[in-house]
Amino acid sequence: MSETKPAAPAATRDKPWLIRTYSGHSSAAASNALYRGNLAKGQTGLSVAFDLPTQTGYDADHPLARGEVGKVGVPISSIDDMATLFDQIPLEQMNTSMTINATAPWLLALYIAAAERQGADTAKLQGTVQNDIIKEYLSRGTYIFPPAPSIRLTGDVITYSVDEIPKWNPMNVCSYHLQEAGATPTQEIAYALSTAITILDELKGRPGMDEAEMARSVGRISFFVNAGIRFIEECCKMRAMAAMWDRIARERYGVTDEKLLRFRYGVQVNSLGLTEAQAENNVQRIVLEMLGVVLSKNARARAVQLPAWNEALGLPRPWDQQWSLRVQQVMAFETDLLEYGDILDGSPVIEAKVNDLIAGAEAEMAAVANEGGMTRAVESGYVKRRLVESHTNRMRAIESGDLTIVGINKYTETHPSPLMTGSDGGILKVDASAEGEQIARLEKTRSQRDPAAVAEALDRLRAAAASGENILPASIACAHARVTTGEWGGTLREVFGEYRAPTGIDGVIVGRAGGARLEGVRRRVKETGDALGRPLRLLIGKPGLDGHSNGAEQIAVKARDAGFEVVYDGIRLSPKQIATAALEEGVHLIGLSVLSGSHLELMEEVRRELAAVGLAGLPVILGGIIPEDDAFHLREGGVARVYTPKDADLNAIMDDLVDVIRAHHGLDPSEQAA
Amino acid sequence: MTHLAQPAEAPASLAAAVAAGDRGAVARALNLIDDHRAAAHDRAAELLAALPEDRLLGAGHLVGLTGPPGVGKSTLTAALIRHWRGEGLTVGVLAVDPSSPFSGGAVLGDRLRMITPATDPGVFVRSLADRGTFGGVSAEAWPMSQILLAAFDRVLIETVGVGQREVDIADLADTIVFVAQPYSGDAIQVIKAGILEVPDILVVNKADLGAGARRTLSDLAAAIRPAEEPGGWTLQALAASAAIGTGVAETAGTIERHRAWLADSGHLVERRQTAPLRWLLARLVERFGRHGIGRLGGDGAVAERLAEAPTGAFALLGEYNRLLSQH
Ligand code: B12
Ligand SMILES: Nc1nc2c(ncn2[C@@H]2O[C@H](COP(=O)(O)OP(=O)(O)OP(=O)(O)O)[C@@H](O)[C@H]2O)c(=O)[nH]1
Ligand SMILES: [Mg+2]
């Protein structure tokens, strides 16, 4: 043991990537404490998670914000919150990544204004705004306006940043969220690069854009990608993407400066494959996924953030996040990873795989171009249909056993986990008082500001929105005038209107034969419909601001496959809209899907709205991230069924839906199919 | 939790509530029409017979919207709803989507384009699967349209994205709007002459996408022949962008002019009076073939029976069903 050679001298080691943890919750003050704690533990950058009202441009006291304030991220209602969030964190020196999209110009404006308040030299600001609206329509769901004005705002952030805060990354083109919505590696590459092209082409067309400025803009584009469990393929994906980006930058935009040609990307590793069952196994998944994006020096990530072992259970506690932070630190500082050049260069196996991926991605990029480009392909639903289709294939493979997921469809026997025995159930519970406290802070801000200055700032914002002038200067003026997030969002909503994206569920082909179990379910659906006089109708509803659509989509596709007539109007509906749809469509059953943690509040509201339209008795079921305690209470309160990620057998769920409907109508429930 | 069937609602009072625009009643009435159990069918027939005849024959407007998949029918529907709501008119919509031939299931996706952030009690959207019926609408569309006609000022029926021939919507709507795709790029798409015979109004949508819409419109306009009879209706063609909202007021205006023409020329009442027969014959052919109608004595005999009971096509279908199903 004592014979082992000491590690190579530090001088020959590469610098590690930026080590981050995506976090934020409850309030600006609580998140500030969390960030300072993380920095003290050796984290080298900040990654801010905002709550859903902030991401969708609503104030904390907006009816749609109910139950969501401070839940999945930090609520930022005005510059006062922004200042608190970075209290004692010098912004001139910090590197801050903000996961913000539709309201990116606003949060960037608040950040700049907060830095100005700190007396910082804003030209030195470093960090990232995600600012990729395209993938919001396809996966992430926090879009507000239609594509055209949204893309213009994206461009405004880029041109402003390139001129005024040149070290800032004004757009992080995301393929991460596409993989989380089911994308294959080639789809991930193709749609991300098509998105980058769409934005850069828009910039190219702007008045005053010359070659040098264009090259600088290309150089400021960074990427945010996913890394799944097939880590060798994922490593190849990064090499493929880097090669393709180089070609696009040179050939399409004429960039020649090597520095501006660098393919810069950050990573969050895959979470879709992290399981609720035997959740401790997620740790080795996370480690392997990370390996894929740090292994190859020439395509190594610049920044990495990891989910926690309890990802599928709920929000991580500080200790859970610390564990993931330590995973990165072990990789970076204990292993010899950073001591070598690229260990994959020259491998024919790797090269063949990379070429394969490039060919596949190029074909898919051509398909997008054929649709009229990424924006059109989003509007027409083409890309979304492809994603839902890929995810359906994944779910079918899990159901059939072709895709092994340990703990889900193989090796399911387990000892009880000691990790889950604490009184908190192994997850972070956000204090229910967060919402009320945030509303109080918001009211304080409103009462202390100069109303005339607010009105003037908003007029200027409205004028800039309408005229096409860069939205940033007017937004920064709004920030200093203590305009609120809801006022900024509301003003632009008035000018640009709102949008509802295609759901993609109409594209998946239903098979003639679905196997014996599906045939059995189809028969039951048909017979039950006959007994009740008309085909069974199911409304799938996503109440609140939650954008997690995968579950709703997969249930919808499966339900149609099982013979239901399915109504699904997409994400972010108010409980009233859901009750209205249930009435107008004459459905037999409502299935809600909530993953954002606000299921208790939303379920209560939906039932109130149903009663208001005379449908108090209609059976309701719920799926999503629902802690067992809550599930118990919901069932007690009359929710017919509650499903969570461990319920991966969709045929069984369909069978269950039939049972619920039969029981509700007093039909014999004993007859079984799947 | 078992929820036994509530005592059946009297069809006559349900009809009165529908005519008063009660949204819950409209929903229950549509459910009843959809219910194909024998007892329900009889009650649905009573319900339809109890709807105010003056409304069904002379009031409101039944507009059919048809055209190829993805052309923008739902988006145009949404735009027309906004327009009509702006004029204070209430709107009922029936939106038909295709059923899967294998599972019988369907994704009812049109309403997604029609919902607004704030719910509006003056708008009612019911989706319908075509349930294997060819021709772009389902068997339930006509009786359901009668419910909506009794309750709302304007009724819009969006068909499945159909080819250019099978347009059953012509059997039941007062005014047919065909939404056409503009020429795209340099692909020369010849619009078949056949489609010009069905609609009353032709809207080339997506005019915002460039010169294609204008070219398509002028080609179409050149192919339109004026009405043969004096005072007849000549097919109107216009361009619109349902997404942006241009041409929508003109489309609504043209729809309104067509309605006025129908009313003045007596065609409105005539179309409404003959719709039940067309619907009944189509259902009989669908279920029993021409042969079945032959057993009933042919189209003429069916028409005579219906003339005796003008509001009773639905009831008569039940009767014929029973008759023809007995071997
Ligand atoms: C994929 C994913 C995403 C994707 C979503 C893509 C999409 N279009 O759906 C992306 C990357 C965009 C995303 C973003 C965010 N996410 Co996320 N995400 C996940 C993840 C990893 C998997 C969810 C999933 O899709 N699973 C696959 C589907 C098929 O499973 P499912 O939805 O659970 O559905 C199954 C059952 O629950 C049930 N079911 C569900 N609904 C219904 C409905 C009916 C009617 C029926 C019968 C059954 C049923 O049946 C399904 C079949 O098994 C989970 C963690 C996890 N592993 O579960 C976090 C998770 C849900 N995300 C979380 C968060 C916080 C976010 C963000 C809000 C972060 C932020 N602050 O910005 C963002 C913003 C999203 C938004 N707009 O709301 C949290 C929620 C925390 C909480 N509830 O307390 C989770 C739990 C992660 C975590 N531990 O922090 N996310
Ligand atoms: N550019 C443009 N796009 C439009 C317009 N109208 C509709 N679209 C887009 O065309 C696509 C299809 O629109 P829908 O309204 O769903 O078309 P539809 O005819 O109802 O489609 P089906 O019911 O599936 O047959 C959507 O992406 C719309 O955003 C328009 O005027 N201009
Ligand atoms: Mg449609």
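**Entry 1: a salt bridge between the chains**

I began with R23(B), which forms a salt bridge with E584(A), and I noted that their closest N and O atoms are 2.8 Å apart. I keep in mind that this is a predicted model. Looking across the whole interface of chain A and chain B, I found that the rule gives 5 salt bridges, and that the count of residue pairs in polar contact between the two chains, both members at pLDDT 80 or more, is 18.

**Entry 2: the side of chain A**

I then asked which elements of chain A give two or more residues to the side that touches chain B. The list reads α15 (374-379), α21 (515-532), α22 (550-562), β12 (565-568), α23 (575-585) and α26 (650-664) of chain A. The largest share of that side comes from α23(A), with 7 residues. By residue class, I recorded 16 nonpolar, 13 polar and 17 charged residues on the side of chain A that touches chain B.

**Entry 3: extent of the interface**

I looked up how many residues each chain brings to the contact, and the entry is 46 residues from chain A and 36 residues from chain B. The area buried between chain A and chain B is about 3,300 Å², and carbon and sulfur atoms give 54% of it. Within chain A, the residues that lose the most area to chain B are R534(A), E565(A) and E584(A), which together account for 18% of what that side buries. I note that E584(A) is also the partner of R23(B) in the salt bridge of my opening entry.

**Entry 4: the magnesium ion**

Which residues coordinate the magnesium ion (ligand 3)? I found S74(B) through OG, D110(B) through OD and E158(B) through OE, at 2.1 to 2.2 Å. Along the chain these donors follow the spacing S-x35-D-x47-E. D110(B) and E158(B) link distant parts of the chain, being 48 residues apart: D110(B) sits in the loop between β3 (106-107) and β4 (123-129) of chain B, whereas E158(B) belongs to strand β5 (residues 154-158) of chain B.

I also checked whether these two donors are buried or exposed. D110(B) has a relative accessible area of 10% and is therefore classed as buried, and E158(B), with a relative accessible area of 3%, is buried as well.

**Entry 5: the cobalt atom**

Last, I turned to the cobalt atom of ligand 1, for which H548(A) is the only protein donor, through NE2 at 2.1 Å. I placed H548(A) in the loop between β11 (537-541) and α22 of chain A; α22 (550-562) is one of the elements already listed on the side of chain A that touches chain B.

Methods:
Residues are numbered from 1 along each chain as its sequence is written. Chains are lettered from A and ligands numbered from 1 in the order in which they are written. This is a predicted model: local features need pLDDT of at least 70, side-chain atom pairs count only at pLDDT 80 or more; totals for chains, interfaces and linings use all residues. Side-chain values use heavy atoms; hydrogens and water are left out. Donors are N, O and S atoms within 2.8 Å of the metal (3.2 Å for Na, K and Ca); water is not among the atoms, so sites may look incomplete. Helices (H or I, at least four residues) and strands (E, at least two) are DSSP runs, numbered from the N terminus. Buried means under 20% relative accessible area, exposed over 50%, partly exposed in between (1.4 Å probe, protein chains only). Contact means heavy atoms within 4.5 Å. Buried area is the accessible area (1.4 Å probe) that two parts lose on being put together, summed over both. A salt bridge is a side-chain nitrogen of Lys or Arg within 4 Å of a carboxyl oxygen of Asp or Glu. A polar contact is a pair of N or O atoms within 3.5 Å; within protein, one must be able to donate a hydrogen and the other to accept it, and residues adjacent in sequence count only if both atoms are side-chain atoms. Ala, Val, Leu, Ile, Met, Phe, Trp, Tyr, Cys and Pro count as nonpolar, Asp, Glu, Lys and Arg as charged, and the others, Gly among them, as polar.
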